[in-house]
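Here is a set of short exercises to work through with the coordinates open beside you. Try each task before you read its solution.

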Amino acid sequence: MTSPSGLLTVVVEPGPQRTRVRVSGEIYTDDDADLREGLTAALNASPGGLDVDLSGVTFCDSQGLHVLLDLHQQALQAGKTSVLTTLSHPLARLLHITGTQDVLSIQDIQDMPASEAQHGVAGARTGQVRPLDFQMRTRRYGPTVHLTPIGELDMDTSSALDEVQAVLDGVDVVACDMGQLTFLDVVALHGLLDFVHRLGERGIAFIAYNWQPQPRRLLDLIDDL
């Protein structure tokens with residue numbers, strides 16, 4: 001099944017006792033009804049329940065999370081189980097931020113490169129998630145400051161924006177290259193908007209460019225609200 005938006009794909013592989021479901025792509029509000037329908041149908045047709053592989057999910061909003069929570073409850077009520085067998089890094093982070101990793105049945109997490117594993121997700125079973133390394137490169141050319149956030153900006157790293165505020169005396173423009181910002185969560189987005197607001201109060205213009213797909217999509221969702 002491919003969603004109408006073309007951003008989400010669900011593959012159902014029935015088995016004798018349990019059904020494997022592979023979900024890949026981006027889970028947004030526009031797709032949650034189709035995802036819910038597909039997962040519910042697979043659960044109803046399976047004797048023992050579902051093993052849901054989410055390793056290919058690159059983004060999931062709150063509506064998508066509600067689909068997973070409702071599926072978990074439906075399985076329990078039917079005397080079955082819905083197990084998330086593999087989580088992608090963005091989804092594991094979402095579960096950590098929302099505190100739902102202890103509610104859902106999680107078996108494992110997607111293997112990550114060794115360079116990321118040292119600083120990234122520790123494991124979905126324990127619900128322990130450590131932030132990846134984040135850097136904020138700052139360069140100043142006269143009255144203009146160039147910022148380059150590198151890595152993932154989330155609730156654990158958004159304080160980096162506060163540190164930038166302290167070095168902006170005499171600055172007229174802040175130009176932010178988002179080309180290396182690979183992930184932005186809702187908490188960090190609010191922090192970024194507050195950062196821009198405070199710049200405006202100081203008479204400092206803000207320009208952001210080179211947005212990557214996931215942060216860009218989050219901004220688009222906010223614009224649609």
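**Exercise 1. The end of a helix**

Which residue just after helix 3 takes a positive phi?

Solution. Keep in mind that this is a predicted model.
- Step 1: go to the residue that follows helix 3, which is G99, and compute its phi; the value is about 75°.
- Step 2: look back along the helix and list its buried residues, which are H89, L91, A92, R93, L94 and L95.

**Exercise 2. The chain as a whole**

Count the helices and strands in the chain, then find what share of its residues is buried.

Solution.
- Step 1: the secondary structure comes to seven helices and 12 strands.
- Step 2: of the 225 residues in the chain, 43% are buried.
- Step 3: turn to the contacts between residues at least 6 apart in sequence; 66% of these join residues at least 24 apart.
- Step 4: try a single pair, L189 and P215, which are 26 residues apart in sequence. Their C-alpha atoms are 8.8 Å apart in space. L189 lies in helix 6 and counts as buried because its relative accessibility is 3%.

**Exercise 3. Two nonpolar cores**

Find which members of the largest nonpolar core touch the most other members, and which elements supply the core.

Solution.
- Step 1: this core has 27 residues, and V23, L35, L54 and L87 touch the most other members.
- Step 2: assign the members to elements. At least two residues come from each of strand 1 (8-13), strand 2 (18-27), helix 1 (32-45), strand 3 (49-60), helix 2 (62-77), strand 4 (81-87) and helix 3 (89-98).
- Step 3: another core lies apart from the largest one; this other core has 25 residues, including F59, M136, L153 and A188.
- Step 4: return to V23 and set aside its neighbours within four places in sequence. The contacts of V23 are then L8, T9, V10, L35, V52, D53, L54, G56 and V57.

**Exercise 4. A glutamate in a strand**

Is E26 buried or exposed?

Solution.
- Step 1: locate E26, which is in strand 2.
- Step 2: compare its relative accessibility with the cut-off. The value for E26 is 15%, so this residue counts as buried; the limit is under 20%.
- Step 3: leave out neighbours within four places in sequence and list what E26 contacts: L7, L8, D31, T58, F59 and R217.

**Exercise 5. An aromatic pair**

Find the one aromatic pair in the structure and describe its geometry.

Solution.
- Step 1: recall that a pair of aromatic rings is described by the distance of the centres and the angle of the planes.
- Step 2: the partners are F195 and F206, with 6.1 Å from centre to centre and 85° between the planes, and the pair is edge-to-face.
- Step 3: place the rings. F195 belongs to helix 6 (residues 186-201) and F206 to strand 12 (residues 205-209), so the pair ties together parts that are 11 residues apart in sequence.
- Step 4: check accessibility. F195 is at 0% and therefore counts as buried, whereas F206 is at 22% and counts as partly exposed.

**Exercise 6. A cavity**

Which residues line the second largest cavity?

Solution.
- Step 1: search the whole structure, which gives three cavities of 30 Å³ or more.
- Step 2: pick the second largest cavity, with a volume of about 40 Å³.
- Step 3: its lining consists of M136, P149, L153, L161, C176, M178 and L192.
- Step 4: sort that lining by type, which gives seven nonpolar, no polar and no charged residues.

Conventions: Residues numbered from 1 in each chain as written. Predicted model: local features only at pLDDT ≥ 70, side-chain atom pairs only at ≥ 80, totals over all residues. Heavy atoms only, no water. Core = buried A, V, L, I, M, F, W, Y, C linked by side-chain atoms within 4.5 Å. Buried < 20%, exposed > 50% of the residue type's maximum accessible area, 1.4 Å probe, protein only. Helix = DSSP H or I, 4+ residues; strand = E, 2+ residues; numbered from the N terminus. Contact = heavy atoms within 4.5 Å. Phe/Tyr/Trp six-rings, centres within 6.5 Å; stacked < 30°, edge-to-face > 60°. 1 Å grid on protein atoms, 1.4 Å probe; cavity = no way out; pocket = protein on both sides within 12 Å on 5 of 7 lines; lining within 4 Å. Points joined across faces, edges and corners; volume = space filled by probe spheres on them. Nonpolar A, V, L, I, M, F, W, Y, C, P; charged D, E, K, R; others polar.
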